[in-house]
Amino acid sequence: PAVIRRSDYKPFAWRVPEVSLDFALGLEETHVTAVLAVERNPQADASPTIHLDGDGLEPLTVKIDGEVATSWSMEGNDLIVSLPGDAHQIEVTTKINPSANTALMGLFASGGMLCTQCEAEGFRRITFFPDRPDVLSVYRVRMSGPKAQFPVLLSNGNLEAEGDGEDGTHWAQWHDPWPKPSYLFALVAGDLIANSDIFNTVSGREVALNIWVREGDEGRTGHAMESLKKSMRWDEETFGREYDLDLFNIVAVSDFNMGAMENKGLNVFNTKYVLADEDTATDVDFDGVEGVIAHEYFHNWSGNRVTCRDWFQLSLKEGFTVLRDQLFSQDMGSAPVKRIEDVRVLRGAQFPEDSGPLAHPIRPDSFREISNFYTATIYNKGAEVIRMIRTMAGEEAFRKGTDLYFDRHDGEAATCEDFVKAMEDGAGLDLTQFRLWYSQAGTPKVSVRLTHEGDTATLHLSQEVPPTPGQSDKQPMPIPIKLALFDRDSGEHRGEQLITLDKAQVSLSFDGFAKPPILSVNRGFSAPIVVHRDISSDELVFLAARDDDPFARYEALQDLVVGHLKDAVDGSLDDAARKDARQAITSAIAAVLADDTLDDSMRGELLVLPSESYLAETMLVADPGRIHAERQSLRAAIGSALEPEFTAVYQRASQVPYSLSAEARGARKVKTQALVYLAAGNPDLAATMAAAQYDSANNMTDRQGAMMVLCGLEGIERTNKLIDFYNRYKGNALVIDKWFALQAGSMHPAALAHVKALADHPDFTMKNPNRVRSLFMAMAYNPQAFHAEDGEGYRMIGDFILALDPINPQTAARFVPQLGKWRRIEPGRSALMREQLERIAAAPGLSRDTHEQVSRSLG
Ligand code: HT7
Ligand code: ZN
């Protein structure tokens, strides 16, 4: 497949100001008639033809200006129509089979309803069209179909007219006044029921809100509706963005490749991010709903009103919108805890991407299949890059920059460069060197050393941006680093400073320190970098107990654990050193448990050990077996040393009644963490406690927490509770997903055998991405199972990718990066991982999605 390059961008030769679509709906056969008003684009090179993208379509009829035309031809999948004049009307009819669409791109059937997904290039599976984000059109959509089967007919914008037709059919006509690219088109037809509400905008307009779900699910939409209203208000208050239609629809579907989609006025959501109540959703699920509802809503401005010129600019809308949803969630709950969670996601998902064969800048230079670039780099690193601009500008100036960006580019298809320029002009920054963050891949490594002489402390900072595929030489980046120097006697610091490391090496002096101070660095995770600091365990213990920056405090504890586990894994610890290190960590954890200035939510965060994948990331070549063993052994040592303390915390937290208050949620988080440590230190005790917790649970957080612990242990309670869980929630797809994931992600030594058996369970299907993820993604991200020494985990994922690829290539390709980590894994396993990639690469008929990921991974 051809490589598409950013440098090849050319504006499209034609404009398409208006589009009319007519759908005659059927699950097996839908007829689409598209009428495109086209006119020459004066800003592009003239062309005698118009190139309309298609994917698996056949034109049934082609008309130009109302007359059947023959002046067209097919070029591969695409339709080329000759156009003599400067403005024409092109009409094309196509026929599609939504039920056969297992890729879930374009128009597909899900649980008896019809639904579209057009981002990035799904519209071309519906009709021939210039399916690129810089062609903006006003859409009018008419659809008709059997009323009993599809009582609800929805599309973007406003409902213009509706009525009954013949033979039990009905129709609806929708009009969206806002010009949009084809990827934001949406249509839904089905038997749905709405939770309806009203939002009054800041300027006094009334917006009707509907959340459409299958009958029976409406009782679980309350949290989504509250989240939507909060998002709308927050965007007005924080970014000055008001909603711009009289109607906002959300539809929940159970078969969906991603979390949700921001189609103009008609967001389509994976049910996972809409449905939540205390019996079926955990606290993490509730946060997921709030965050994704906010994210999609915020796209109305960052993505829809200002869209992308081409897909290389994806981070323009995704990075910015992730930042917006992160800031929203910070404001809705605990800002420090949210920051730690976001950094954990970045380190767990994006850092490995940046240090592996799939590394790419947040604005890539080339791709073969754009679906492969919906990555943690584009989304999460993209958000961090804009967050750094905000940090450097300050909140007020940043807002001036975003105001200017929205004003300047409203109604346009913009570029990352446009965003940066608006930030420079609006916020008053010089971002010349900062643009490197858009073009250079790789996580910068910053080394920090503090020296002391007389009463002067000198900070020596240096940076190195590692080579990544296609980018061997890197220039120094401007890195905003927040830091503070603590006086070791008073335990206080002299104020936080923001410095910018913009050269390979910089030294900074600070006077007035009779003794060497203790350095707190990259506070708040002010830059997405890896810090190597020359710091003693005692100093880390000091910061873990006293740092007033919650992130830095968390980081100190993490570094303490990471430092010890790295030594333990590489075998450089003797018994005495191991004992000392464990004692230091155990005391630090004991201090966290005892510190009554902490709330439980933060306490729960501080108790989380660094993940095995993050630990692997800190090593040049990782041995997943040793990482798992050492991490688990440390957890067991802490769990048994602090058994009374964990038991006491557990009992205290168990007294807090269920509610969604921060206190109650924090209590549940701490309770689960305590149980995890106890399970490692005293499995029998923990099994009894977990079984009791399961039996008395009145909410899913407690029930799932108990199941998570039980699933990792041997014993009859594991079996009994798994049976009970299944029977209790049979028929509730989202909870049965949890049942699969709990087993596939468990620490049980036979987890792989369990996954194999579960793949044959009658409830397992390759056609539903949530179910696929709940079993195979959970296994692929279960280090102990995936990295089984004999390579069985890799083989299973290899088989699975090959089986899923013909059904849903986009989802299949998302499993490849796990195998792509082979270069950083010890030689035995590395060869087995590579073997699977080679086997997949050699398979005939591989999709473009999987082929691209496998060939990049083999590099
Ligand atoms: N902008 C949306 C991306 C998306 C998507 C991309 C490819 C294939 C299917 C998809 N579904 C949704 C979601 C978002 O970031 O908000
Ligand atoms: Zn998005």
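Me: Which residue in E31 is the bridge partner of Val446?
Reply: This is a predicted model. Strand E25 covers residues 445–453 and pairs with E31 in the parallel sense, over four bridges. Within E31, the partner of Val446 is Val531.

Me: Which strands are the edges of the open sheet that holds E25 and E31?
Reply: The open sheet has four strands with mixed pairing, in the order E29-E26-E25-E31. An edge strand here pairs on one side only. That applies to E29 (505–511) and E31 (530–533).

Me: By what angle are neighbouring strands of this sheet turned against each other on average?
Reply: The sheet is the open one with order E29-E26-E25-E31. Direction is ignored in the value. The average turn between neighbouring strands is 20°.

Me: How many residues of strand E11 are buried?
Reply: Strand E11 spans residues 113–117. In a regular strand, side chains alternate between the two faces of the sheet. On one side of E11, Met113, Cys115 and Gln117 are buried, and on the other, Leu114 and Thr116 are buried too. The count is five of five.

Me: Which residue in E16 stands opposite Leu114?
Reply: E11 pairs antiparallel with E10 (residues 106–110) through five bridges. In that pairing, Leu114 is the bridge partner of Ala109. E11 also pairs antiparallel with E16 (residues 187–190), over two bridges. Opposite Leu114 in E16 stands Ala189.

Me: Which residue in the turn between E10 and E11 has a positive phi?
Reply: E10 and E11 form a hairpin, with two residues between them. The positive phi in the turn is about 55°. The residue is Gly111.

Me: Which residues come nearest to ligand 1?
Reply: The shell around ligand 1 has 15 residues. They divide into five nonpolar, six polar and four charged. Strand E20 (260–261) and helix H2 (283–298) each supply at least two of them. The nearest are Glu119, Asn257, Met258, Met261 and Tyr374.

Me: Which domains each give at least three residues to the shell around ligand 1?
Reply: The domain assignment of the chain gives domain 1 (1–190), domain 2 (307–439) and domain 3 (445–527). The C-alpha centres of domain 1 and domain 3 lie 54 Å apart. At least three shell residues come from each of domain 1 and domain 2.

Me: What is the helix content of residues 224–434?
Reply: The unreviewed UniProt entry annotates this span as "domain: Peptidase M1 membrane alanine aminopeptidase". Its end C-alpha atoms lie 37 Å apart. Strand makes up 9% of the span, and helix 55%.

Key. Residues are numbered from 1 along each chain as its sequence is written. Chains are lettered from A and ligands numbered from 1 in the order in which they are written. This is a predicted model: local features need pLDDT of at least 70, side-chain atom pairs count only at pLDDT 80 or more; totals for chains, interfaces and linings use all residues. A residue is near a molecule or strand if its C-beta atom, placed from the backbone, lies within 6 Å of it. Ala, Val, Leu, Ile, Met, Phe, Trp, Tyr, Cys and Pro count as nonpolar, Asp, Glu, Lys and Arg as charged, and the others, Gly among them, as polar. Domain bounds come from an automatic or database domain assignment. UniProt positions are given in the numbering used here, feature names are shortened, and annotations may be inferred rather than shown by experiment. Two strands pair if DSSP finds at least two bridges between them. Axes are lines fitted to C-alpha atoms, for helices over the stretch in contact, and angles run from 0 to 180 degrees between N-to-C directions. A residue is buried if 20 or more other C-beta atoms lie within 10 Å of its own, exposed if 12 or fewer, and partly exposed in between; C-beta atoms are placed from the backbone.
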